[in-house]
Amino acid sequence: MPDGFIVTLIKSFVLVNLVMGLFAIMTWFERRLIGRFQVRLGPNRVGPFGLLQPIADLGKLIQKESLIPYGASPFLYLVAPVISLFSALMVFSVVPFGGEATIPFTDYQIYLWIADPNVALLLVFALGSFSFYGFLVGGWSSSSKYSLYGSMRAVSQLVSYEVSLALAVIGVVMMSQTLSLTGIVEAQQRDGIWYIVPQFVGFVIYLLASTAEVSRIPFDLPEAEGELVAGYHTEYGGMRWAMFQNAEYVALIGFSAIASILFLGGYAGPWLPGPLWMLIKMFVFLFLSIWIRSTLPRVRYDRLMTLGWKVLLPLATANLLVTSAIVAYRA
Amino acid sequence: MAVTDNLKGFGVTFRHLFRKPVTQQFPEYKRPVYPRFRGRHRLHRHENGLEKCVGCSLCAAACPADCIRVVAAENTVEERYSAGERYARIYEINMTRCIFCGYCELACPFDAITLGNDYELAEMSRDALVYTKEMLLEPSPAPRRTPVAPVDPYDIPAQDGLA
């Protein structure tokens with residue numbers, strides 16, 4: 001039975017708050033973990049183990065003056081971070097965190113996803129690209145050369161990596177015969193294997209390309225502080241900057257969720273409840289991305305493009321052809 | 001190979017994850033400063049309690065940052081502060097300007113001023129950083145807060161090994 005309007009509204013509200021909480025914890029976790037990778041402690045002053053650090057940061061950012069730089073286009077400048085954050089959060093509307101669940105102490109059944117359209121994966125990638133409009137508009141409207149360079153880089157990077165990302169995912173889609181995310185999870189249960197095993201090449205390409213999509217080290221050229229100050233959010237401060245940062249982390253969490261669904265069987269798993277499995281698998285990817293960040297330096301821009309067009313794209317295409325041959329042979 | 005080298009790098013960072021952090025938690029743990037560390041100044045007294053400073057202003061003359069202000073006055077029989085003819089009626093060091101070079105210490109003919117070990121000198125206002133004679137004179141109202149490393153490992157005679 002599909003959930004009614006009110007139930008969906010409540011679920012969305014809860015989910016957005018959970019994701020925001022996850023974002024706050026993620027900033028703390030990343031700083032702590034990077035600290036340990038660099039043999040130091042990381043933030044440990046505010047609250048136990050520094051756990052209240054995100055709240056302290058929020059308090060600081062809220063107090064900051066909200067200003068619009070001279071020569072900026074006010075409306076676009078204000079709306080850009082909203083676009084990014086909105087589209088990053090929207091991805092979670094199709095992410096399934098489990099199957100059906102009964103609300104405790106009642107016998108009311110709900111689904112642990114907001115929506116399950118049969119084009120969920122397409123929607124995810126559409127929204128992933130949409131968040132770059134925020135970066136593009138934000139960089140263009142702040143009337144600063146660094147911002148403009150940052151947003152140009154962001155968009156060209158997106159164009160280069162979106163292709164390989166989609167091609168890497170198509171292998172999974174061919175094997176599961178569906179674009180629905182719950183369908184992909186069920187297909188992995190049906191086949192009795194996580195798609196990371198048969199689609200390992202696709203998995204590696206997905207990992208690299210999604211790192212570029214969420215512009216994290218080593219592919220964080222849109223905000224390379226060495227040459228571009230802070231890229232597209234150079235002119236942003238206070239909560240608007242926080243929204244850009246928020247969008248980036250939410251996109252990272254979103255891509256981790258999608259990766260755990262596509263390659264690690266999503267919420268399916270023995271003993272533990274579905275959402276817990278989902279969180280554990282997402283945690284693996286978040287840890288991996290922090291590990292990558294603490295290990296690799298930022299790549300040069302031409303090498304980024306070389307990797308995207310001359311390595312990942314042919315590899316993804318080959319993977320796609322082999323997968324389609326095998327799927328056609330077995331059918 | 002580029003790929004294996006990268007994987008090696010991941011191994012290195014992963015090993016570092018399990019090392020003990022080298023962080024020293026500052027306000028709780030203060031790393032001892034070197035014995036010759038130059039920090040907050042001190043004005044010293046003779047053993048009988050008289051101030052060593054005679055208000056000659058040589059320190060103020062030597063100061064490259066021009067942060068010392070000395071106003072001298074005559075000692076009298078009733079009011080005797082220092083061992084010499086005169087004493088420093090006003091002795092101020094402007095800590096916002098001081099560069100802790102230690103020239104005042106070198107210039108002083110009576111070893112009246114030395115640079116101590118305290119470096120935690122932050123204040124909320126600039127006025128509070130103009131240290132008066134009362135603040136600088138030993139025994140200082142501000143307790144010595146900075147631990148000092150033992151002198152021995154550093155106290156090597158200059159002629160050692162040459163003789």
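A residue counts as buried if 20 or more other C-beta atoms lie within 10 Å of its own. That criterion is applied below to a predicted model.

**Figure 1. Surroundings of A:I290 in helix α10 of chain A.** A:I290 is buried, because 22 other C-beta atoms lie within 10 Å. Leaving aside residues up to four places away in sequence, A:I290 touches A:E30, A:L33 and A:I34. For A:I290 and A:K60, which are 230 residues apart along the chain, the separation between C-alpha atoms is 25 Å.

**Figure 2. The side of chain A that touches chain B, with helices α1 and α10.** Eight residues from chain A and nine residues from chain B make up the contact. On the chain A side, α1 (5-37) and α10 (274-295) each supply at least two residues. The most is given by α10(A), with three residues. Sorted by class, the side of chain A that touches chain B consists of four nonpolar, two polar and two charged residues.

**Figure 3. The largest nonpolar core.** This core has 81 residues, and those with the most contacts inside it are A:A209, A:V250, A:I253 and A:L262. Helix α9 of chain A, residues 238-263, gives the most to this core, with 16 residues. Around A:A209, the residues touched are A:Y161, A:S164, A:L165, A:A168 and A:L312, when residues up to four places away in sequence are not counted. Apart from the largest core lies another, of 19 residues, including B:L43, B:Y81, B:A88 and B:C104.

**Figure 4. Helix α5 of chain A and its bend at A:Y161.** Helix α5(A), residues 145-176, has 32 residues. From its first C-alpha to its last, α5(A) reaches 46 Å, close to the 46 Å expected at 1.5 Å a residue. At A:Y161 the helix bends by about 30°. A:Y161 is also one of the residues touched by A:A209. After α5(A) comes A:Q177, whose phi is positive, near 60°.

**Figure 5. Position of A:Y133 in helix α4 of chain A.** The helix that holds A:Y133 comprises residues 120-141. A:Y133 has 16 C-beta neighbours inside 10 Å and therefore counts as partly exposed; a buried residue would need 20 or more. The C-alpha atoms of A:Y133 and A:S87 are 9.5 Å from each other, while the two residues are 46 apart along the chain.

**Figure 6. Chain A as the setting of the close-up views, with eleven helices and two strands.** Read from the N terminus on, the order of elements is α-α-α-β-β-α-α-α-α-α-α-α-α. The radius of gyration of chain A is 20 Å, close to the 20 Å that the globule rule gives for 331 residues, so chain A is as compact as a globular protein of that length. Taken along the principal axes, the box filled by the C-alpha atoms of chain A is roughly 60 × 55 × 45 Å. Of the 331 residues of chain A, 43% count as buried. Among contacts in chain A between residues at least 6 apart in sequence, those joining residues at least 24 apart make up 75%.

Technical notes. Residues are numbered from 1 along each chain as its sequence is written. Chains are lettered from A and ligands numbered from 1 in the order in which they are written. This is a predicted model: local features need pLDDT of at least 70, side-chain atom pairs count only at pLDDT 80 or more; totals for chains, interfaces and linings use all residues. Two residues are in contact if their C-beta atoms, placed from the backbone, lie within 7 Å. Helices (H or I, at least four residues) and strands (E, at least two) are DSSP runs, numbered from the N terminus. Ala, Val, Leu, Ile, Met, Phe, Trp, Tyr, Cys and Pro count as nonpolar, Asp, Glu, Lys and Arg as charged, and the others, Gly among them, as polar. A nonpolar core is a set of buried Ala, Val, Leu, Ile, Met, Phe, Trp, Tyr and Cys residues joined through C-beta atoms within 7 Å. A residue is buried if 20 or more other C-beta atoms lie within 10 Å of its own, exposed if 12 or fewer, and partly exposed in between; C-beta atoms are placed from the backbone. The expected span of a helix is 1.5 Å times one less than its number of residues. The bend at a residue is the angle between axes fitted to the seven residues ending there and the seven starting there. The radius of gyration is taken over C-alpha atoms; the globule rule is 2.2 Å times the number of residues to the power 0.38.
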